[in-house]
Amino acid sequence: MNVFDAIEQRRAVKVFDKNHKMSDDELKKLMEAARMAPTAFNIQHWRYVCVRDPAIKEKIRAHAWDQAQVTDCSTLVILTGDKKAWAKDPARYWASASQEARDFLLPAIENYYMGKPQVERDEVMRSGGIAAQ
């Protein structure tokens, strides 16, 4: 699809078919696609929480301005961010890279984030925004 067509045709969906049930395969495919969103240093600051239980969705709706789409959707996908993801075994993000790349990137990650809470927050927000799109 042409990028301008995609931009012009995007929509914020607010109404869902309460009777539709997303299959496990559909959800798996959707989450695999979402997992491919790019992030700084490949850190994947985002975490997804998939909620299907109606009772839990009802509790969440009470904290989401009583928006019907929270309970009407087949699967509620909540996007969260982990500001400290960079510090949690960063070598795992680059395990398949060359030793030369790892020797450069791992110290660069620490230098970029260490002691910089605003940078941590900004990268979570940026990565989460890209993933949400």
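1. Contacts of Val-124. In this predicted model, Val-124 is in contact with His-45, Gly-81, Asp-82 and Lys-83, leaving aside its neighbours within four places in sequence. The residue belongs to helix α6. Val-124 counts as buried because its relative accessible area is 11%, and the cut-off for a buried residue is under 20%. A separation in sequence may also be set beside one in space: Ser-74 lies 50 residues from Val-124 along the chain, and the C-alpha atoms of the two are 27 Å apart.

2. Length of helix α2. Helix α2 covers residues 24–35, which makes 12 residues. At 1.5 Å a residue, the helix should span 16 Å, and this agrees with the 16 Å found between its end C-alpha atoms.

3. The two sides of α2. Which residues of α2 are buried? They are Leu-27, Met-31 and Ala-34. When the helix is viewed down its axis, these buried residues fall within an arc of 55°, so they line one face of α2. A general rule helps the reader here: an α-helix has 3.6 residues a turn, so residues three or four places apart point the same way. The face turned away from the buried side carries exposed residues, namely Asp-25, Lys-28, Lys-29 and Ala-33.

4. Packing of α2. The buried residues of α2 pack against two strands, β1 (46–51) and β2 (76–81).

5. Cysteines. How many disulfides are there? The count comes to 0. In general, a disulfide is a covalent bond between the sulfur atoms of two cysteines. For Cys-50, the closest cysteine sulfur is that of Cys-73, at 10 Å, which is too far for a bond; the cut-off for a disulfide is within 2.5 Å. The surroundings of the two residues should be noted as well. Cys-50 is partly exposed, with a relative accessible area of 34%, whereas Cys-73 is buried, with a value of 8%.

6. The largest pocket. The volume of the largest pocket is about 780 Å³. Its lining consists of 25 residues, of which Phe-16, Leu-30, Thr-75, Val-77 and Ala-132 are the closest to the centre of the pocket. At least two lining residues come from each of α2, α4 (68–72), β2 and α6 (117–132). Which of these elements gives the most to the lining? Strand β2 does, with 4 residues. Strand β2 thus appears twice in this note: it contributes to the lining of the largest pocket, and the buried residues of α2 pack against it.

How values were computed
Residues are numbered from 1 along each chain as its sequence is written. This is a predicted model: local features need pLDDT of at least 70, side-chain atom pairs count only at pLDDT 80 or more; totals for chains, interfaces and linings use all residues. Side-chain values use heavy atoms; hydrogens and water are left out. The expected span of a helix is 1.5 Å times one less than its number of residues. Buried means under 20% relative accessible area, exposed over 50%, partly exposed in between (1.4 Å probe, protein chains only). The arc is that of the directions from the helix axis to the C-beta atoms. Contact means heavy atoms within 4.5 Å. On a 1 Å grid over the protein atoms alone, a cavity is a set of points where a 1.4 Å probe fits but cannot get out, and a pocket is an open set with protein on both sides within 12 Å along at least five of seven lines; lining residues have an atom within 4 Å of a point. Grid points are joined across faces, edges and corners, and a volume is the space filled by probe spheres set on the points.
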